[in-house]
Amino acid sequence: MGEEPLEPEASTGPAPSPAPVAPAGGTRAAVIWTSTVVAVLVLILLIIFMVQNQDRVTVYFLGFQGQLALGVAMLIAAVGGALVVAIVGAVRIIQLRSRARTANKARAKNGR
């Protein structure tokens, strides 16, 4: 049983390009649509929370006091916390971009 050496097959044209693959997160429109649906669901949950927590409470802040619905008071506190997190995150991003810019300038200066 003699084995014949394998010869490359004759090419009839350029090799077919691989099929395009969608990004891991999907298309940009799909990501925006999904984000919008999630945001609407969160908004609905917040509205339900505020409707169910209508009891009036006294709120004290820096010597001021006032009465408002418990749901509204908690929503204001959550928005305040989110603002603090956003500010800290923005400061960190600015810091990292500044470091990256400095490192890129140093690399360019050294000829790398």
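This is a short walk through two helices and a hairpin in the structure above. The model is a predicted one, so please keep that in mind throughout.

I will start with the helices. Helix H1 covers residues 28-52, and helix H2 covers residues 70-110. Two packed helices are described by the angle between their axes and the distance between the axes. Here the angle is about 135 degrees, and the axes of H1 and H2 lie 7 Å apart. Angles over 145 degrees would count as roughly antiparallel and those from 65 to 115 as roughly perpendicular; H1 and H2 are therefore oblique to each other.

Which residues make this contact? From H1 they are Leu46, Phe49 and Met50, and from H2 they are Gly71, Val72, Met74 and Leu75. Sorted by class, the contact of H1 with H2 has 6 nonpolar residues, 1 polar residue and no charged ones.

A word on the length of H2. It has 41 residues, and at 1.5 Å a residue the expected span is 60 Å. The C-alpha atoms at the two ends of H2 are 60 Å apart, so the model agrees with that expectation. Just after H2 comes Gly111, with a positive phi of about 80 degrees.

Now the hairpin. Strand S1 is residues 56-61, and strand S2 is residues 64-69. The two strands run antiparallel and are joined by 6 bridges. Two of the pairings can be followed by eye: Thr58 has Gln67 in S2 as its bridge partner, and Tyr60 stands opposite Gln65 in S2. How many of the 6 residues of S1 are buried? The count is 0, and S1 is hardly covered.

Between the strands of this hairpin there are 2 residues. Leu62 is found in that loop, between S1 and S2. Most residues other than glycine have a negative phi. Leu62 is not a glycine, yet its phi is positive, at about 50 degrees. Is Leu62 buried or exposed? The cut-off for exposed is over 50% relative accessible area, and Leu62, at 70% relative accessibility, therefore counts as exposed.

To recap: H1 and H2 pack at about 135 degrees, S1 and S2 pair antiparallel, and Leu62 sits in the loop between S1 and S2.

Definitions and conventions: Residues numbered from 1 in each chain as written. Predicted model: local features only at pLDDT ≥ 70, side-chain atom pairs only at ≥ 80, totals over all residues. Heavy atoms only, no water. Buried < 20%, exposed > 50% of the residue type's maximum accessible area, 1.4 Å probe, protein only. Helix = DSSP H or I, 4+ residues; strand = E, 2+ residues; numbered from the N terminus. Pairing = 2+ DSSP bridges. Axes fitted to C-alpha atoms, helices over the stretch in contact; angles between N-to-C directions. Parallel < 35°, antiparallel > 145°, perpendicular 65-115°, else oblique. Contact = heavy atoms within 4.5 Å. Nonpolar A, V, L, I, M, F, W, Y, C, P; charged D, E, K, R; others polar. Expected span 1.5 Å × (residues − 1).
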